[in-house]
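Here are some exercises to work through with the model open beside you. Try each task before you read the solution under it.

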Amino acid sequence: MQALDGIKILDFTHVQSGPTCTQLLAWFGADVIKVERPGVGDATRGQLRDIPKVDSLYFTMLNHNKRSITLNSKSEKGKKILTKLIAECDVMVENFAPGALDRMGFSWEKIQEINSRMIYASIKGFGPGPYEDCKVYENVAQCAGGAASTTGIFGGVPIVTGAQIGDSGTGLHLALGIVTALYHREKTGCGQRVTTAMQDGVLNLCRVKLRDQQRLDTGPLREYSQFSEGIEFGNATPRAGNDSGGGQPGRILKCKGWEQDPDAYTYFITQAAAWKNICDVIGKPEWKDDPDWATPETRLPKLNEMFGAIEAWTISKTKFEVMEICNPLNIPVGPILSMKELAEEPSLRATGTIVEVNHPQRGTYLSVGCPIKLSDSPVSVERSPLLGEHTEQILREVVGLDDDQITEARDAGAV
Ligand code: COA
């Protein structure tokens with residue numbers, strides 16, 4: 001038995017943010033019924049296609065373990081079917097542009113009327129306020145949520161990150177909201193509305209940067225490289241390059257082979273407690289007790305010199321050798337791993353974090369499995385559904401239609 005067995009989710013999500021959320025819930029055992037427009041489906045089915053006429057990796061990697069029903073929820077018959085689905089499901093999730101479901105005639109009030117136990121969960125770009133009606137994609141959220149202004153090299157343009165903190169990050173936030181509301185419903189019997197805004201989700205993930213914004217009021221951010229370089233701080237948290245976010249200075253340093261391999265680098269953190277070991281490893285034992293180097297405070301104004309000395313050592317080792325040498329000495333380091341290296345990493349295959357999935361149209365492909373491991377709710381990653389693959393099955397089992405009614409719905413173009 002899986003943790004969310006018996007929970008039915010009406011999945012009106014599309015693109016990335018919402019599908020990330022419902023995929024997680026499907027992995028935990030919920031029956032996720034993905035509703036898609038007849039003949040069209042989730043737009044990502046056809047985006048960034050690598051094989052003509054075959055569901056894209058974009059779609060397949062975000063919609064595992066779901067069932068797909070096609071339904072024109074703007075047609076009269078479609079609305080009747082949707083009403084029945086709302087009555088039968090526990091959770092409804094959507095990430096349409098603001099107001100789309102209201103325009104279909106399914107406001108929160110209407111949904112509550114149909115099913116008072118329903119948990120209705122939405123992702124929008126912004127919360128209530130001046131931008132609440134805007135359509136939003138990943139990079140807009142990264143920019144509006146504070147990530148871009150604090151990412152990049154000092155003096156350079158703002159940079160977006162490859163981690164999809166706006167889409168997948170907000171999907172994760174929403175999933176937590178949904179299971180919390182399910183827990184609450186156990187006690188009260190009532191559903192509730194769960195909303196997350198991508199701007200809020202990104203800002204939550206940038207919490208430490210708002211911390212630094214307030215620290216600026218009382219002086220420069222001494223652990224930033226900018227401080228050690230004598231560059232004055234402005235009035236907002238600056239871009240901090242590869243500085244460590246946690247107050248223990250860290251940087252990305254070159255390793256052996258960096259001239260040919262763009263990923264031959266290591267992250268190296270000069271954690272205060274490991275300082276003596278660092279000095280021994282890099283061949284600077286004299287720094288251990290030198291009053292100019294022995295304490296974090298004395299090192300802060302000389303980060304370039306310090307990391308220069310460390311890099312003179314890391315550059316003579318591969319990123320994996322750096323890891324092997326430093327880990328037993330409690331020096332926190334991490335290799336820069338490429339997607340290719342991650343895809344080939346046996347330990348990630350063994351834990352199911354990287355999985356091979358078989359798809360009837362595309363054959364075998366790699367995906368990221370469930371990153372959250374529950375000891376009593378094992379996850380088996382199943383392929384994404386073809387468009388409308390389960391329409392009849394769902395109409396029969398969940399909506400309760402018979403053969404004639406299904407034919408009628410098809411003839412009317414409702415499914
Ligand atoms: N039957 C009938 N109509 C359907 C339907 C169905 N099964 N599924 C979708 N539609 C309709 C919607 O009702 C909407 O119609 P309307 O404009 O008349 O109200 C229309 O399809 C398009 O939906 P919309 O959400 O506006 O899609 P879009 O492609 O124009 O915008 C986003 C895409 C992602 C920008 C937008 O949905 C959005 O801002 N979502 C919230 C934030 C978000 O999640 N962004 C990240 C996505 S990864």
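**Exercise 1. Find out which strands helix α13 lies across, and at what angle it runs to β7.**

Solution. Keep in mind that you are looking at a predicted model. Start with residues 303-314, which make up helix α13. Follow this helix and you'll see that α13 lies across β7 and β8. Now compare directions: α13 runs at about 40° to β7.

Next, take helix α14, residues 319-326. This helix lies across β8 and β9, and its direction makes about 155° with that of β9.

**Exercise 2. Work out the strand order of the sheet that holds β7, β8 and β9, and say which strands stand at its edges.**

Solution. Step one is the order: the 3 strands go β7-β8-β9, pair in the antiparallel sense, and form an open sheet. Step two is the edges. β7 (250-254) and β9 (333-335) each have a single partner strand, so each has one side without a neighbour in the sheet. Step three is the twist, which averages 20° from one strand to the next.

Then zoom in on one pair. Strand β8 covers residues 265-269 and pairs with β9 over 3 bridges, antiparallel. To find your place there, look for Tyr-267, which stands opposite Gly-334 in β9.

**Exercise 3. Do the same for the open sheet of 6 strands: what is its order, and are its strands parallel or antiparallel?**

Solution. A quick reminder first: strands of a sheet pair through backbone hydrogen bonds, in either a parallel or an antiparallel way. In this sheet the pairing is parallel, and the order reads β3-β2-β1-β4-β5-β6. At the edges you'll find β3 (66-70) and β6 (193-197), each pairing on one side only. Ignoring direction, neighbouring strands here are turned by 20° against each other on average.

Now walk through some of the pairs:

- β2 (residues 31-36) and β3 run parallel and are joined by 5 bridges.
- Val-35 has Ile-69 in β3 as its bridge partner.
- β1 and β2 also run parallel, joined by 4 bridges.
- Ile-9 has Val-32 in β2 as its bridge partner.

How enclosed is β2? Of its 6 residues, 5 are buried, so β2 is largely enclosed by the rest of the structure.

**Exercise 4. Describe how helix α7 and helix α8 cross, and which residues make the contact.**

Solution. Find α7 at residues 168-188 and α8 at residues 198-205. Their axes come within 9 Å and cross at roughly 95°. That angle makes α7 roughly perpendicular to α8, because angles of 65 to 115 degrees count that way.

Now list who touches whom. From α7 come Gly-169, Thr-170 and His-173, while α8 brings Met-198, Gly-201, Asn-204 and Leu-205. Sort these residues of the α7 and α8 contact by type and you get 2 nonpolar, 5 polar and no charged.

**Exercise 5. Decide whether Ser-367 is buried or exposed, and do the same for Ala-163.**

Solution. Ser-367 sits in strand β11, residues 363-368. Its relative accessibility is 1%, so Ser-367 counts as buried; the cut-off for buried is under 20%. Leaving aside neighbours within four places in sequence, Ser-367 is in contact with Met-61, His-64, Thr-353, Ile-354, Val-355 and Val-357.

Ala-163 is found in the loop between α6 (138-144) and α7. With a relative accessible area of 42%, Ala-163 is partly exposed. Not counting residues up to four places away in sequence, Ala-163 touches Glu-138 and Gln-142. Take Glu-138: it is 25 residues from Ala-163 in sequence, and the two are 9.9 Å apart in space, C-alpha to C-alpha.

**Exercise 6. Step back: what are the domains, and how far apart are their centres?**

Solution. Domain 1 takes in 8-205 + 345-411, and domain 2 takes in 242-331. Over C-alpha atoms, 43 Å separate the two centres. The C-alpha trace of the protein spans about 85 × 45 × 40 Å along its principal axes.

Finish with the overall tallies. The protein has 18 helices and 11 strands, and 46% of its 415 residues count as buried. Among contacts between residues at least 6 apart in sequence, 66% join residues at least 24 apart.

Technical notes: Residues numbered from 1 in each chain as written. Predicted model: local features only at pLDDT ≥ 70, side-chain atom pairs only at ≥ 80, totals over all residues. Heavy atoms only, no water. Pairing = 2+ DSSP bridges. Helix = DSSP H or I, 4+ residues; strand = E, 2+ residues; numbered from the N terminus. Axes fitted to C-alpha atoms, helices over the stretch in contact; angles between N-to-C directions. Contact = heavy atoms within 4.5 Å. Parallel < 35°, antiparallel > 145°, perpendicular 65-115°, else oblique. Nonpolar A, V, L, I, M, F, W, Y, C, P; charged D, E, K, R; others polar. Domains from an automatic or database assignment. Buried < 20%, exposed > 50% of the residue type's maximum accessible area, 1.4 Å probe, protein only.
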